[in-house]
Amino acid sequence: MVAGSVVPLLLAVAYAGLILGHWADAEGGFGSLADVAKLFANPWLLLAGWLHYLCFDLLVGAWIVRRALAEGVAHGFVVPCLALTFLFGPVGFLLFSMVRISLARVTGPRERMKG
């Protein structure tokens, strides 16, 4: 509960504060990769970007845990997905999606492999 809701909320508050405090004087934007590089040249906005990633990685990780519990996905399948989600965001989500699809094909949609 703490990692899946309280911490992301605190990160979101910090993110909002950084954006409100530093967006107006920022160069760059989201129109091109060069613009994003300019935007993140500002250390405060780089920190905001990092908080953005942390917040969303924690939310996706919490969703993975909830789905795994609801669907009976074994802990051993979930842990690597969570590690990859924290380190490489979309890769962990992709792996969990592949695990869910694979287990559904092997065991059916209502049962999941334990182990």
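## The exposed side of α4

Let's start on the outside of helix α4, where L87 and F88 are exposed. They sit on the other side of the helix from its buried residues, which are V78, C81 and T85. Around the axis, those buried residues cover an arc of only 65 degrees, which puts them on the same side of α4. Keep in mind as you look around that this is a predicted model.

Helix α4 itself has 14 residues. From its first C-alpha to its last it reaches 20 Å, close to the 20 Å expected at 1.5 Å a residue. Just after the helix comes G89, which takes a positive phi of about 35 degrees. What covers the buried residues of α4? The cover includes α3 and α5.

## Helix α5 and its two faces

Next along is α5, which spans residues 90-107 and has 18 residues. Its reach from first C-alpha to last is 25 Å, close to the 26 Å expected at 1.5 Å a residue. The buried residues here are G92, F96, V99 and L103. Looking down the axis of α5, you will find them within an arc of 55 degrees, so they line one face of the helix.

Turn to the face pointing away from that buried side, and you meet the exposed residues P90 and R105. The cover over the buried residues of α5 includes α3 (43-71) and α4 (75-88).

L103 is worth a stop of its own. This residue of helix α5 is buried, with a relative accessible area of 4%. How far is L103 from V13, 90 residues apart along the chain? Their C-alpha atoms are separated by 38 Å.

## Where α4 meets α5

The two helices pack at an angle of about 155 degrees, and their axes are 6 Å apart. That makes α4 roughly antiparallel to α5, since an angle over 145 degrees counts as roughly antiparallel.

Which residues meet here? From α4 come F77, V78, P80, C81, L84, T85 and F88. Their partners in α5 are P90, V91, G92, F93, L95, F96, V99 and L103. Sorted by class, this contact has 13 nonpolar, two polar and no charged residues.

Some of these names will be familiar by now. V78, C81 and T85 are the buried residues of α4, and F88 is one of its exposed residues. On the α5 side, G92, F96, V99 and L103 are buried, while P90 is exposed.

## D57 in α3

Helix α3 supplies another residue to look at, D57. Is D57 buried or exposed? D57 is buried, with a relative accessible area of 15%, which falls under the 20% cut-off for that label.

Leaving aside its neighbours within four places in sequence, D57 is in contact with T85, F86 and G89. Of these, T85 is a buried residue of α4, and G89 is the residue with the positive phi just after α4. D57 and L84 are 27 residues apart along the chain, and their C-alpha atoms are separated by 9.7 Å.

## G28 in the loop between α1 and α2

Our last stop is G28, placed in the loop between α1 (2-22) and α2 (33-39). G28 is partly exposed, with a relative accessible area of 42%.

Which residues does G28 touch, leaving aside its neighbours within four places in sequence? The contacts are D35, K38 and L39. The C-alpha atoms of G28 and N42, 14 residues apart along the chain, are separated by 9.7 Å.

Terms used:
Residues numbered from 1 in each chain as written. Predicted model: local features only at pLDDT ≥ 70, side-chain atom pairs only at ≥ 80, totals over all residues. Heavy atoms only, no water. Expected span 1.5 Å × (residues − 1). Buried < 20%, exposed > 50% of the residue type's maximum accessible area, 1.4 Å probe, protein only. Arc of directions from axis to C-beta. Contact = heavy atoms within 4.5 Å. Axes fitted to C-alpha atoms, helices over the stretch in contact; angles between N-to-C directions. Parallel < 35°, antiparallel > 145°, perpendicular 65-115°, else oblique. Nonpolar A, V, L, I, M, F, W, Y, C, P; charged D, E, K, R; others polar.
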